[in-house]
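Colleague: I am new to this structure and would like a close look at one part of it. Please take the sheet and the core that goes with it, and tell me what can be said.

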Amino acid sequence: MQHDDGGRLADAGGRGLVEIIPNLGEVFSQSMVDRDTLLVIHGDQARQVAVRIDLAARKVISTKPLPNFGTR
């Protein structure tokens, strides 16, 4: 998932495009939690958010703001 794809996911064949994260900011990190769950850390310098996505259902499981640890 990248900022320029608008927070959308499709199936492996490129069909069924669905917007998962509206207003996706800069993507800082993404990682597979398990075979069905993607964790995306995104936002801007003022606010970062952790989003867990159920890939099979193509929907957000949870969204949590992350604490601000200061400037980079």
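Modeller: What follows goes from the whole chain to the sheet, then to the core, and ends with one loop residue. The model is predicted, and that applies to everything below.

The chain contains six strands and zero helices. Read from the N terminus, its elements are β-β-β-β-β-β. Of its 72 residues, 25% count as buried. About 5,000 Å² of the chain is exposed, and carbon and sulfur atoms account for 50% of that area. Of the contacts between residues at least 6 apart in sequence, 20% link residues at least 24 apart.

Now the sheet. It is an open one made of four strands, in the order β3-β4-β5-β6, with antiparallel pairing. Its edges are β3 (26-34) and β6 (59-65), each of which pairs on one side only. On average, neighbouring strands of the sheet are turned by 20° against each other, direction ignored. In general, the strands of a sheet pair through backbone hydrogen bonds, in a parallel or an antiparallel way. Here β3 and β4 are joined by seven bridges in the antiparallel sense. One bridge can be picked out by name: Asp34 has Thr37, in β4, as its partner.

Next, the core. The largest nonpolar core has nine residues: Leu9, Ile20, Ile21, Leu24, Leu38, Val40, Val49, Val51 and Ile53. Two strands, β4 (37-43) and β5 (48-54), each give at least two residues to this core. The largest share is that of β5, with three residues.

Val51 is a useful member of the core to follow. Setting aside neighbours within four places in sequence, Val51 is in contact with Ile21, Leu38, Leu39, Val40, His42, Val60, Ser62 and Thr63. Among these partners, Ile21, Leu38 and Val40 are also in the core list.

Finally, a residue from the loop between β5 and β6, namely Arg58. Is Arg58 buried or exposed? Arg58 has a relative accessible area of 24%, so Arg58 counts as partly exposed; buried would require under 20%. Not counting residues up to four places away in sequence, Arg58 touches Leu9, Ala10, Asp11, Arg15, Gly16, Leu17, Val18 and Ile20. Two of these, Leu9 and Ile20, belong to the largest nonpolar core. Arg58 and Val18 are 40 residues apart in sequence, while their C-alpha atoms lie 7.3 Å apart in space.

Methods: Residues are numbered from 1 along each chain as its sequence is written. This is a predicted model: local features need pLDDT of at least 70, side-chain atom pairs count only at pLDDT 80 or more; totals for chains, interfaces and linings use all residues. Side-chain values use heavy atoms; hydrogens and water are left out. Buried means under 20% relative accessible area, exposed over 50%, partly exposed in between (1.4 Å probe, protein chains only). Contact means heavy atoms within 4.5 Å. Accessible areas come from the Shrake-Rupley method with a 1.4 Å probe; for residues, only the protein chains shown count as cover. A nonpolar core is a set of buried Ala, Val, Leu, Ile, Met, Phe, Trp, Tyr and Cys residues joined through side-chain atoms within 4.5 Å. Two strands pair if DSSP finds at least two bridges between them. Axes are lines fitted to C-alpha atoms, for helices over the stretch in contact, and angles run from 0 to 180 degrees between N-to-C directions.
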